[in-house]
Amino acid sequence: MSRREPQFNQQVLVDTTPMPADIPKVAEIGATSAPLYSAAYFIGDRCQAYNDDFMKCKAESNGRGELECLKEGRKVTRCAASVIKDINTHCLSQFTAHWECLENWNHRLWECRKAEKELNACVFDKLGLQKRIPGAVDEKKPLPTHSVYSANYKQC
Amino acid sequence: MGVPFEALLPFGIIIGCFGAGGYGLMAVKNWTNEGKRARWSRDLWDRVMMERDLRITGTMRGQSSNHEAPPGFELSNPWKLEKRIF
């Protein structure tokens with residue numbers, strides 16, 4: 001992020017000008033922070049090609065990426081929305097249990113391993129997406145079955 | 001020689017006051033966080049995401065797992081305005 005975050009802002013500006021008509025409409029993602037974090041690894045698994053394409057476009061467009069990468073950005077949004085829609089259709093109870101646990105435990109993944117294992121199993125069975133940690137030293141290493149440092153005793 | 005009961009009164013007052021303060025704070029914290037545990041140690045990303053949650057759900061700690069945002073959400077992004085110093 002090259003932009004400096006404003007520190008002493010007194011007011012905000014909400015720009016309600018809609019997008020130009022020639023740009024195809026894509027609905028924004030309606031999932032909030034905890035469900036998005038819960039689904040993040042599955043979004044990454046299905047959408048990695050689109051995401052990498054978008055980041056490459058942004059890196060190569062010399063600071064005009066917001067305008068020139070709209071097409072790639074739309075693909076990213078559509079792909080992520082499709083993953084969330086599929087998880088909601090097939091694994092709603094496990095998904096809800098996991099993100100409610102995350103929301104209650106300050107979005108710390110290691111407090112919610114039990115719910116996460118059930119969600120991972122369901123998503124892998126129904127959708128074929130699996131959690132892989134990008135850049136991990138040993139990607140084949142299984143997730144820890146329980147967390148030594150967890151304060152959430154129900155999930156140990 | 002038993003301890004006279006007057007010696008234990010201050011302990012009752014101390015325990016009662018700390019208890020009222022602690023449970024009172026707990027109740028207020030729970031109430032402001034809509035029955036959930038409070039978020040803590042939030043960085044810029046967390047704050048921005050919580051502001052986005054507020055715009056989607058309308059409450060501070062509300063969550064939603066819909067795949068499509070409610071209408072009007074895409075035009076509700078606030079730009080922070082700041083006076084130029086130089």
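**Exercise 1. What percentage of the 86 residues of chain B count as buried?**

Welcome! A word on the ground rules before the solution. This is a predicted model, in which local features need pLDDT of at least 70, side-chain atom pairs count only at pLDDT 80 or more, and totals for chains, interfaces and linings use all residues. Residues are numbered from 1 along each chain as its sequence is written, while chains are lettered from A and ligands numbered from 1 in the order in which they are written.

*Solution.*
- Step 1: A residue is buried if 20 or more other C-beta atoms (placed from the backbone) lie within 10 Å of its own, exposed if 12 or fewer, and partly exposed in between.
- Step 2: By that count, 8% of the 86 residues of chain B are buried.
- Step 3: Now look at the elements, which run α-α-β from the N terminus of chain B. Helices (H or I, at least four residues) and strands (E, at least two) are DSSP runs, numbered from the N terminus.
- Step 4: Chain B has a radius of gyration of 23 Å, well over the 12 Å that the globule rule gives for 86 residues, so chain B is more spread out than a compact globule. The radius is taken over C-alpha atoms, and the rule is 2.2 Å times the number of residues to the power 0.38.
- Step 5: Along the principal axes, the C-alpha atoms of chain B fill a box of roughly 75 × 45 × 15 Å.

**Exercise 2. Find which helix of chain A gives the largest share of the largest nonpolar core.**

*Solution.*
- Step 1: A nonpolar core is a set of buried Ala, Val, Leu, Ile, Met, Phe, Trp, Tyr and Cys residues joined through C-beta atoms within 7 Å.
- Step 2: The largest such core has 29 residues, and those touching the most other members include A39(A) and F42(A).
- Step 3: At least two core residues each come from helix 1 (33–60), helix 3 (70–90), helix 4 (92–104) and helix 5 (113–127) of chain A.
- Step 4: Helix 1 of chain A gives the largest share, seven residues.

**Exercise 3. Place E72(A) in its surroundings.**

*Solution.*
- Step 1: E72(A) lies in helix 3 of chain A.
- Step 2: E72(A) has 19 other C-beta atoms within 10 Å, so this residue is partly exposed.
- Step 3: Leaving aside neighbours within four places in sequence, E72(A) is in contact (C-beta atoms, placed from the backbone, within 7 Å) with D53(A), F54(A) and C57(A).
- Step 4: K56(A) is 16 residues from E72(A) in sequence and 9.8 Å away in space, C-alpha to C-alpha.

Key:
Two residues are in contact if their C-beta atoms, placed from the backbone, lie within 7 Å.
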